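Q: Could you take me on a close look at one part of this protein? I am new to reading structures, so please go step by step.

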Amino acid sequence: DGTSLKASSYSITSGSLVSGQIISVSSFSGSITHFKDNEQVSTILDDAIKISSSAGDVTKNYDISVATGTLRIYQRSIVLTPDVVTGIIYDGRTHTPTNFHISSGSLASGDVISGVNFSADSTQINAGTYTTSIDSSSPIIIKNATGEVVYSYLDKDNADYLISFTSSSLEIKKRPINTLTSSATKIYDGLPLSSPYIAIKP
């Protein structure tokens, strides 16, 4: 989520305190912020442990050993989907989605995504309903509020995000026209009367 991860809890895995006495830990070692920094060791510093009784500090009466823990950050999953495109009437020009949205998951606060491209078959010209998709080879970059790159298409395995894609749709409606045969007149001459012209009624 863009913030550092530090150990914040502990447990006694062996031995016990004298009844009525209390243990406290003031600090832990180790801190990570990114997925690529995983598996760092965290431990409790010896001088951060204090055991108290009603009579005061009794820490020196204990033989304390500290086991280490492991810090781990999981990749943040998001799904990118083209926006649905509807309401287009055939006009002889190509049409493609102009935007996308995150259909599952979310960006961490302050993060910005760029470099999202649509697949070639998401651009259409003829009337019909088509499936649109995001090009999985898009040069996607995500930066945090300080400008640090937290996802790069060049290093997906070590990125803080896990990105997947779903498809959407683009609809181009047929262009309606009303046609009627144009009128024609002539003086009778024994030959058929016809009109070779068609008028488009607005």
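Is Q21 buried or exposed?

A: Happy to help! Keep in mind that this is a predicted model. Q21 is buried: its relative accessible area is 19%, and a residue counts as buried when that value is under 20%. Along the chain, you will find Q21 in the segment before strand β1, which covers residues 22–25. Now look at what surrounds Q21. Leaving out residues up to four places away in sequence, Q21 touches I51, S52, S53, V58 and Y62.

For another buried residue, turn to I113, which has a relative accessible area of 17%. I113 sits in strand β10, made of residues 112–114. Setting aside neighbours within four places in sequence, the contacts of I113 are L80, F100, L107, I140, I141 and I142. You can also try a distance in the viewer: I113 and Y74 are 39 residues apart along the chain, and their C-alpha atoms are separated by 19 Å.

Some of those contact partners lead us to the largest nonpolar core, which has 13 residues. L80, I140 and I142 are among the residues with the most contacts inside this core, along with Y151, Y161 and I163. Strands β7 (76–82), β13 (149–152) and β14 (161–165) are the elements that each give two or more residues to the core.

Finally, pick out Y161. Beyond its neighbours within four places in sequence, Y161 is in contact with Q75, R76, I78, S106, L107, A108, D111, I142, V150 and Y151.

Note on methods
Residues numbered from 1 in each chain as written. Predicted model: local features only at pLDDT ≥ 70, side-chain atom pairs only at ≥ 80, totals over all residues. Heavy atoms only, no water. Core = buried A, V, L, I, M, F, W, Y, C linked by side-chain atoms within 4.5 Å. Buried < 20%, exposed > 50% of the residue type's maximum accessible area, 1.4 Å probe, protein only. Helix = DSSP H or I, 4+ residues; strand = E, 2+ residues; numbered from the N terminus. Contact = heavy atoms within 4.5 Å.
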